[in-house]
Amino acid sequence: MAERKPDAEMEETLLPMQRWSERATEGREVTVLANMFAMRLGERSVYHFDVSMEMAQGPNPIVRSNTARKVMDVVGSTWFGARKVVFAYDGRSNAYAVTDCGMRRGEEARTDVVEFAAGKGVKVMLRLVNELDCAALEEFIQGSYGELRMDILNVLNIALTAELSQRYTEVKRAFFRDDPQDTKPLGSGAVAWLGFTQAVKALQGGIMLSFVPTRTEMYKPVGLVELISDVLQRPLSSLDSEALFDRDVALLKKEFLSKPLNLKKRSGLRVSTTHRESKRPYEIIDITSDRAEDIHFLSDGNREETVSSYFERMYGPLRFPHLPCVNVGNRATKERNGRPGRPARDIFLPLEVCKILPGQRRDKHPTDAMAAARLKLETIHPEQRLALIRKLFTEAAYGSNECASAFKLELSSNPLEVKGRVLDAPAVRYNRKSADPQIKPADGVWNMQGHMMYQGGQKLERWGVLVLQGAVGEREVGNFVEGLIQVCNENGLETSRALPPLRFCNYNDLDENFNNLAAQVAGESGQCQLILIVKPDLAADPYRLIKQLGDSKLGFATQVVQAKHVMKNQMQYRSNVALKLNAKLGGKNSVLADREALGPLARDGRFMVIGLAVSHGKAGVRRGGTSMTAVSGSLDPQLGQFAHEMAKQTRDTASQNSSIMALTGMVAGLLTTFKDTWTVLPENLLFYREGLTEGMYTKRDPLADGRPSTNVFDVEMKMILQACEDVQPGYRPNIAYCAVTKLHKMRFFGKDRDSLDRSGNCKAGVIVDTKVVSPRFADFYLFSHAGLQGTSRPAKYTLLHDEIGFTPQEFYKACFWQCFTFARCPRSVSIVPAIYYAELLAQRAMLLANLGFDDISDGMTSVTSGEPNAEAASSRPQDVALEKLVHSNHRRRLFCM
């Protein structure tokens with residue numbers, strides 16, 4: 001438990017609490033394998049050298065990474081006499097060795113010209129800058145050294161990857177190889193290469209290597225015309241006679257060209273030529289709008305002719321003279337370091353004489369078909385994934401790695417065995433009128449047979465059905481709706497037996513028909529409660545418009561169903577829809593039978609469980625991109641009713657530190673809603689924060705210079721305290737703050753049947769809190785869901801601050817048992833529902849915000865307008881005023897189910 005400090009003492013950077021001294025023992029012990037390999041260090045002292053290189057001849061001084069690595073091999077072999085020095089070199093400016101090479105810190109750099117090829121020399125400057133003691137890592141693990149030495153971990157990573165970079169294609173610290181057995185087609189001219197990522201980590205069980213299989217998209221090394229045929233999804237034979245449209249050329253430019261802001265790198269598609277023998281590679285810098293037979297230039301002797309006539313005269317007639325050309329000339333460069341710049345120069349090549357060079361990564365956003373194909377490749381059974389890890393690890397051949405041997409790094413050849421435990425599932429309670437009012441689920445899955453919803457929502461009387469043209473016929477819709485009404489009543493959501501009004505409409509008339517149907521069912525007695533929309537499976541997706549109308553403008557529930565499910569009319573599907581409707585109408589589907597499951601959180605007074613999440617969309621991760629932030633807070637002891645707040649922020653607003661900058665106003669809004677519901681404020685607040693990595697909560701920021709802290713945990717904790725003060729001066733509840741993420745690379749594989757479910761994954765309840773966890777922080781990995789497809793990924797929880805007083809066993813159980821209260825389906829879910837709801841809210845807000853609702857005002861309020869001290873709140877820079885995108889009717893309902 002974290003010592004509760006006076007708020008005045010929190011002016012300095014707040015850092016995470018330490019791992020519990022006591023160990024949790026509850027649960028059946030099991031053994032699992034992790035995708036980690038134990039590592040032993042032989043050398044203690046490592047020397048860091050600063051490296052600078054430039055070409056000795058030619059106009060371009062830049063030395064490419066592959067050339068630089070070859071040069072460093074020559075330096076190690078020839079500069080220091082008979083003894084060869086093996087450098088762990090990162091390809092840029094850092095090199096490491098286990099000897100000081102006879103140099104001293106502070107001395108002038110040693111400079112010489114290294115000839116690495118005939119007539120080609122590189123000027124190299126080498127200077128000793130530091131000595132690193134690798135023993136600090138082991139001392140950190142044992143607890144006798146305060147800080148994790150990331151610089152030493154970086155050295156070990158470079159020592160292991162320096163040689164891999166020579167044998168593999170390196171892409172963003174991952175290593176890939178074009179193996180015909182493992183390379184799979186993705187469509188649109190791309191294939192998926194198989195590879196792996198690796199990272200050295202200092203964990204409780206020692207220094208280990210994380211090893212994760214992965215895939216990346218590469219262009220097929222084929223002729224450029226064939227690639228264009230794949231990208232445009234047009235048969236190659238059709239290009240014999242058909243020219244490209246302007247939209248085709250625009251698509252090809254988007255696919256093949258470098259981004260304008262990235263001209264320092266050769267990131268355009270590179271090609272070789274086939275019309276003459278040449279090994280020279282070319283980079284495509286543009287695609288012409290004109291055809292090869294229409295592009296004129298001055299050839300030898302100042303004779304004007306077209307590209308097609310020139311190639312016909314020199315090499316033979318072109319097959320595709322009606323297609324455009326690629327420009328593989330030079331961009332203009334500026335003078336640099338006394339070397340003259342060069343002017344721009346155009347070189348036009350017909351498409352058919354160009355061939356794609358192998359090993360080029362496709363870095364564009366994948367098409368839906370490509371994303372689906374890649375997902376299918378990566379969704380593999382746990383046994384297959386473990387076998388793949390073993391195979392790729394063996395092929396990496398760390399044992400014969402010269403650099404690793406020089407540093408005396410020894411790696412185990414087998415994945416790490418870890419002891420875990422299986423926690424018991426909770427009892428789930430339904431309505432007492434149920435045939436079976438209480439159930440203890442097995443492996444995180446159950447059904448609604450014999451159960452009625454714990455509390456039915458608002459009686460469903462005023463609702464209608466809207467069918468988009470081409471979805472299904474009136475008879476099929478009628479059968480589905482009759483079955484849905486029956487299931488709703490049987491499961492506890494009271495619903496009028498009369499069939500609701502039904503309308504058919506086109507997509508273009510959706511807005512008008514939606515509003516008219518809502519007005520029809522509302523009548524004069526009240527407001528429409530629900531519109532059920534049936535859409536064709538392959539129609540233009542009307543989802544955004546539907547949610548805009550229901551969530552924002554009119555303020556009632558909407559439910560979209562696909563035509564294929566209406567046609568099948570399966571009982572299980574109708575039951576799941578009924579669960580969603582009940583949640584959207586304010587009901588509670590199920591609750592935990594044992595309130596003591598939440599430990600001191602519920603035992604010691606009123607409480608709220610609050611989830612914090614951010615949705616970035618496609619552009620939010622870039623500077624200036626828009627993100628939506630959301631918080632979701634429980635309003636009842638059963639965790640069945642939640643309130644919510646949302647806000648928009650840009651990367652500039654967040655000052656690059658990833659904090660939720662409107663958190664003060666949003667938390668104040670939740671607390672105010674809780675007080676309006678119960679007349680009192682909660683005594684305990686448990687926050688679950690999605691998406692934080694370790695670097696976001698361990699930074700020690702100097703705050704004296706006026707810069708904002710980049711420790712997200714520190715920033716958000718102080719916002720939470722300010723929100724409490726804004727709601728009621730002097731109000732100071734007990735606060736616990738836990739980081740939750742599934743964006744990690746840890747995988748576990750059950751070794752015995754007691755740890756596996758029917759999918760072959762670790763069963764719901766498996767928890768791992770030894771060896772592969774932090775030696776300092778209170779973190780653990782939890783499987784709280786049943787596996788569906790592929791290899792399940794556990795959630796990682798890190799309790800950063802705890803004033804409530806959880807023991808490890810109490811906190812483990814509280815996190816696991818909460819996952820059985822998710823409202824959408826009778827399954828336990830992979831993360832606590834408070835986070836799940838916040839993520840759904842942030843994604844829904846992103847969906848709605850993309851539409852631009854400048855004219856929406858009815859039922860909307862400001863994020864900060866509900867605060868008791870709104871004037872003070874609005875004066876703080878971290879509060880971002882935003883018109884709410886969600887109607888006030890939905891404020892206390894799980895409308896985004």
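Student: Why does tyrosine 837 count as buried?

Tutor: In this predicted model, tyrosine 837 has a relative accessibility of 1%. Buried means under 20% relative accessible area, so tyrosine 837 counts as buried. Phenylalanine 642 is buried as well, with a relative accessible area of 4%.

Student: What makes phenylalanine 642 and tyrosine 837 an aromatic pair that is edge-to-face?

Tutor: Their rings lie 4.9 Å centre to centre, and rings pair if their centres lie within 6.5 Å. The planes are 70 degrees apart, and planes over 60 degrees apart count as edge-to-face. Phenylalanine 642 lies in strand S32 and tyrosine 837 in helix H20, so the pair ties together parts that are 195 residues apart in sequence.

Student: Why is the pair of tyrosine 697 and phenylalanine 777 called edge-to-face?

Tutor: The ring centres are 6.0 Å apart and the planes stand at 80 degrees, so this pair is edge-to-face, given the cut-off of over 60 degrees. Tyrosine 697 is buried at 3% relative accessibility, and phenylalanine 777 is buried at 12%.

Student: Why is helix H11 called oblique to helix H15?

Tutor: H11 (residues 474-491) and H15 (residues 571-584) pack at an angle of about 60 degrees, with their axes 9 Å apart. Angles under 35 degrees count as roughly parallel and those from 65 to 115 as roughly perpendicular; an angle of about 60 degrees belongs to neither class, and therefore H11 is oblique to H15. The residues of this contact divide into nine nonpolar, three polar and two charged.

Technical notes: Residues are numbered from 1 along each chain as its sequence is written. This is a predicted model: local features need pLDDT of at least 70, side-chain atom pairs count only at pLDDT 80 or more; totals for chains, interfaces and linings use all residues. Side-chain values use heavy atoms; hydrogens and water are left out. Axes are lines fitted to C-alpha atoms, for helices over the stretch in contact, and angles run from 0 to 180 degrees between N-to-C directions. Helices (H or I, at least four residues) and strands (E, at least two) are DSSP runs, numbered from the N terminus. Angles under 35 degrees count as roughly parallel, over 145 as roughly antiparallel, 65 to 115 as roughly perpendicular and the rest as oblique. Ala, Val, Leu, Ile, Met, Phe, Trp, Tyr, Cys and Pro count as nonpolar, Asp, Glu, Lys and Arg as charged, and the others, Gly among them, as polar. Rings of Phe, Tyr and Trp (its six-membered ring) pair if their centres lie within 6.5 Å; planes under 30 degrees apart count as stacked, over 60 as edge-to-face and the rest as tilted. Buried means under 20% relative accessible area, exposed over 50%, partly exposed in between (1.4 Å probe, protein chains only).
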